[in-house]
Amino acid sequence: MDGHSPKLASIPASDSTVWADASPLLQAACTGLRDGELIHGDNFNLFAAMSALEIMDPKMDSGIVCTYYSIDEAIENGAAPIPISLDSTIDVQRTIDIMDHLLACEAAWHKGHSLAQTVFSCIYLLRLDRTAPHALLHSYCRVIRATCKAVVSVVSDARAHEEEDLFTMTYGLPLNGDGDDKCLSMLNAVEETISRQLRACKAASSKRRLPEDLEPLQSNSNLEEGFCKALLCRLRFRKHFFHVLACMKRPQGRGLESARKHIASCMTELESILKSADFIRSCFGESYEGDIDDKTTASGREPIGFDAMLNSRLSAPTPPRAIKILSWKKAVQYFVKLLHDLDVICSYPLDPHLESLLRFVVQFQISQPDLVARSHLQLLLVQDGKLYGRDPFFAVITKAAALPEATKNHDIQKNESILQLGMLVMNLLKILCTNAAWQRRKHGKFLQDWRVIYVQLELAFRNEFGEVSSSSNDENICMKIFQHILLWVEEKTYWIAFRFLILGFELELYSTSEYCMVYWYLYAVLTKLAEKTHLKIAVSYDIAKRKGKKKKDSPKDLARESRIPPAVLFLQCYICLAEGLTMILAALRNEISVFQSPGPFNTEQEKFVQHFELLQRACIPDHVSYPSYKESTTHACFSTLAMYNYFKDAQRIAKEVKSSFSNDPDRLAELRKLEQVAEHNSVAQNLICRLGALDPSLKVSFELSHHPFFATVVVKRS
């Protein structure tokens, strides 16, 4: 039964269909057709060609290469036997193989493959009632099914699955089962039985009396302890992982502490799973030939009870995808990373300050978390239309706009434009939880909404109070709210534009020949962002000073007031690097004709429009266009570069501002990177200015080696 190859059965005809053998027709067509030709009707067109199926192509023809045409046929042919083997030792070995392969399938599903061709390629899962006599396999499959349902629920609720569109499609698979709510009690019962058996093994080794009512897992007493340990760590991982998902879904972050404890337990069990591999391989007697790292089980053997093609016709309304299941080791690595990402989310203190939250989400995205972790983050941040399910977004906005605490309950929050702004902030948080490509695409379209809401708020402000200069009542709370929020909206609009531009580097959308225009535009956006940030901080400092009710400013206060805030200096460092890179690229292009963007299909102006059209539509920044870019860069040359070194300014600012962020490790790490780029580029600029036009063997390149979006200039002799 184990090595038996079943005979292929034909699909039975029904009352309304009769099957005819088309092989002679296809053979005749193959003989008469040349390469590139196809058989088609008179009404066939290019659109139809895009949807056409290519018969006998495994990627297109879902009916090809099927071992079985139905689940019942697979079961009848012994593909998923119960018991798995009459030999109890082999039965346990193969159960572990099934567990390992299911873990690999689950990781492949999380990575974007369809549920039907990954986890539910397991025939035991498709007919779960059959496994009832096998308590170990039955409890494991039940918790797998319940876990899949929980993950689908999280991703569906977050509505983040548009980026991996197959993730939440269940294709009518048996995902909802009666009694799945009791899956953990079943698993606990099996775990307790195996734990007792493990204790019995240890008692036997120390010559203590064994419990008489305990049956061994399998017949070989020398292997009993090893099998108990291998099974327990797999069962316990599943139990704790299910608890992690359940705890993280509790409202208002109430289950985060519990989730962290279960995450730590999951990590421990994954280590034990990896350690069990040597024992499992040693059980088979024969030495395994081949690369064990590519296999989907710890033993290196193929598991029984799986058929990836069985559900291929259910996988989507499109032709089936070629599925590559992750190896067992890579699956374990995936879950280690997933658990680490979830732990980062659980350790976040639910800070109500929006600026801190935005920095946390951006920093979290640097590790490139997968869909499941990002969905959990989004559901934590936005619940029931509130931040963390507890803070109304108007209160969050007033705090971010440096308004007094009392304003969060003001009736102005019922204003239509203010309500729309709350929705924009909520959507911003959701967008930041998507992958980089989806995030950039949404940011580009989203900018116009922010620009529109600014105009609407400004109109509402003027309708309510007239021109600001004509208002004599400075203490009017409504006017103060509008003024602060308008300033904050402008600052946040430029922050989104900045994110839009730098995500292009992460997605490798810019060629080196386009760096000049990109850094020029980045310089323009950062300049406006720094200006608005400075204004916002100045306003908040003014409020704090009023709260103090000081009659006369002391010299210390005046000095503090005139000092540039650290957050603005941080942006100033970015500005110097962007301006320096713009000028050095423009000078190289103008003096020695390198880093031009000739291109047979697009002119430089067309490329400018392609990269910045969405920003231009939203007028971000105002009065920025291709002619102004050309005017700014046309006259750049080595002599002007030698007169002023922007990189030295960036290096100086980075050193000076470090002490202000001594308690912020992420900002400190960023400043060190900026300092490295500035130092390298300063030296490179001096070298280019001295030798650039004189030495034709000098080769200049730009690499993102020290920073994700500020390039390092590399100068070499060819």
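This passage goes through the overall make-up of the chain, its main nonpolar core and one helix pair. The model is a predicted one, and residue numbers below follow the chain as its sequence is written.

Starting with the broad picture, the chain is built from 24 helices and five strands. It runs to 718 residues, and 50% of them count as buried. Contacts reach well along the sequence: taking pairs at least 6 apart, 76% join residues at least 24 apart.

Turning to the interior, the largest nonpolar core takes in 212 residues. Val 119, Leu 357, Trp 450, Ile 485, Trp 488, Phe 702 and Phe 710 have the most contacts inside this core. Helix 19, spanning residues 566-592, is the top contributor, supplying 17 residues. Ile 485 makes a handy example: once neighbours within four places in sequence are set aside, Ile 485 touches Phe 394, Ile 397, Ala 401, Leu 403, Ile 418, Leu 421 and Leu 457.

As for the helix pair, helix 6 (residues 135-158) packs against helix 8 (residues 224-248) at about 25°, and their axes lie 10 Å apart. Angles under 35 degrees count as roughly parallel, so that is the label for helix 6 and helix 8. Their crossing is left-handed. On the helix 6 side, the contact involves Leu 136, Tyr 140, Val 143, Ile 144, Ala 146, Thr 147, Ala 150 and Val 151; helix 8 brings Leu 231, Arg 234, Leu 235, Arg 238, Phe 241, Phe 242 and Leu 245. Sorted by class, this contact comprises twelve nonpolar residues, one polar and two charged.

How values were computed. Predicted model: local features only at pLDDT ≥ 70, side-chain atom pairs only at ≥ 80, totals over all residues. Heavy atoms only, no water. Axes fitted to C-alpha atoms, helices over the stretch in contact; angles between N-to-C directions. Helix = DSSP H or I, 4+ residues; strand = E, 2+ residues; numbered from the N terminus. Parallel < 35°, antiparallel > 145°, perpendicular 65-115°, else oblique. Left-handed = near helix turned anticlockwise from the far one by under 90°. Contact = heavy atoms within 4.5 Å. Nonpolar A, V, L, I, M, F, W, Y, C, P; charged D, E, K, R; others polar. Core = buried A, V, L, I, M, F, W, Y, C linked by side-chain atoms within 4.5 Å. Buried < 20%, exposed > 50% of the residue type's maximum accessible area, 1.4 Å probe, protein only.
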